Amino acid sequence: MLIHDLARGESIQLLAAVHLGRLACAHGGQPYITPLYFAYQDDCLYSFSTFGQKIEWMRANPLVCVESDNIVSPETWTSVIVLGRYEELPDTDDYRVLRTHAYNLLRRNPMWWEPGYVKTMLDGTPRALEPIYFRIHISHVTGHRASADAAAVHPAHRIREDSGWFRRMFHRSSHGAGKP
Ligand SMILES: Cc1cc2nc3c(=O)[nH]c(=O)nc-3n(C[C@H](O)[C@H](O)[C@H](O)COP(=O)(O)OP(=O)(O)OC[C@H]3O[C@@H](n4cnc5c(N)ncnc54)[C@H](O)[C@@H]3O)c2cc1C
């Protein structure tokens, strides 16, 4: 398997094509990660939720990370990691156009609203079903693509079995070195 970098445009293409990712936020040094549907446009990921831990944490600390991927097999996959900043789109006149924009982008994905809008009982108390739209401004994005087909990559990047490090690695593992 070979892994190589994606150009920024290729990473953005993946974000535009997939709708599911994992959103990580942090508060008081504690990371927290949840699955999330999103829609990409113009260097932003748009999404939707109701109030809960992740919204509370992102309000307190708007710096977030999103991971998304397209996994074909263990050896063939693409993944993208975004560093970004949370911006809530509140239900006010100033944000009406942006909220409508978010809604129109998100609804292209069937059932986009259901996981974010589901009735939740926490400690026996139902959570308020107040829709919260938000977007993540992408400040940095990286992408990796793994490929099982060594011949498909540039010859300069191929791992040659006769190269020194490969032989040393193979020799070590076949003699049990490095085993716990
Ligand atoms: C495929 C998929 C897509 C989803 N898309 C969205 C989306 O677009 N928008 C959205 O708001 N939600 C989405 N969810 C639900 C999401 O994962 C969270 O469960 C939900 O957003 C509540 O998060 P919260 O921080 O408000 O949790 P709270 O309800 O405040 O969480 C309370 C406690 O429950 C735990 N918890 C919360 N979520 C999970 C979980 N998924 N698994 C295990 N423990 C959990 C937390 O650790 C926390 O301590 C999706 C879930 C899946 C599986």
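**Briefing: fold, helix H3 and cysteines**

Buried residues account for 33% of the protein's 180 residues. The model is predicted. Its secondary structure comprises five helices and 10 strands. A search of the whole structure turns up zero disulfides.

**Contacts and surface**

- Take the contacts in the protein with a separation of 6 or more: 70% of them join residues 24 or more positions apart.
- The exposed area of the protein is about 11,400 Å².
- Carbon and sulfur atoms contribute 56% of that exposed area.

**Helix H3**

- Helix H3 spans residues 96-106.
- The buried residues of H3 are Arg-99, Ala-102, Leu-105 and Leu-106.
- Viewed down the axis of H3, these buried residues lie within an arc of 125 degrees, so they line one face of the helix.
- Strands help cover the buried residues of H3, including S4 (39-41) and S5 (44-49).
- Strands S7 (76-89) and S10 (132-147) are also among the elements that cover them.

**Cysteines**

- Cys-44 is buried, because its relative accessible area is 4%, under the 20% cut-off.
- Cys-65 has a relative accessible area of 25%. That value falls between the 20% and 50% cut-offs, so Cys-65 counts as partly exposed.
- No disulfide is found anywhere in the structure, so neither Cys-44 nor Cys-65 is in one.

Terms used. Residues are numbered from 1 along each chain as its sequence is written. This is a predicted model: local features need pLDDT of at least 70, side-chain atom pairs count only at pLDDT 80 or more; totals for chains, interfaces and linings use all residues. Side-chain values use heavy atoms; hydrogens and water are left out. A disulfide is a pair of cysteine sulfur atoms within 2.5 Å. Buried means under 20% relative accessible area, exposed over 50%, partly exposed in between (1.4 Å probe, protein chains only). Helices (H or I, at least four residues) and strands (E, at least two) are DSSP runs, numbered from the N terminus. Contact means heavy atoms within 4.5 Å. Accessible areas come from the Shrake-Rupley method with a 1.4 Å probe; for residues, only the protein chains shown count as cover. The arc is that of the directions from the helix axis to the C-beta atoms.
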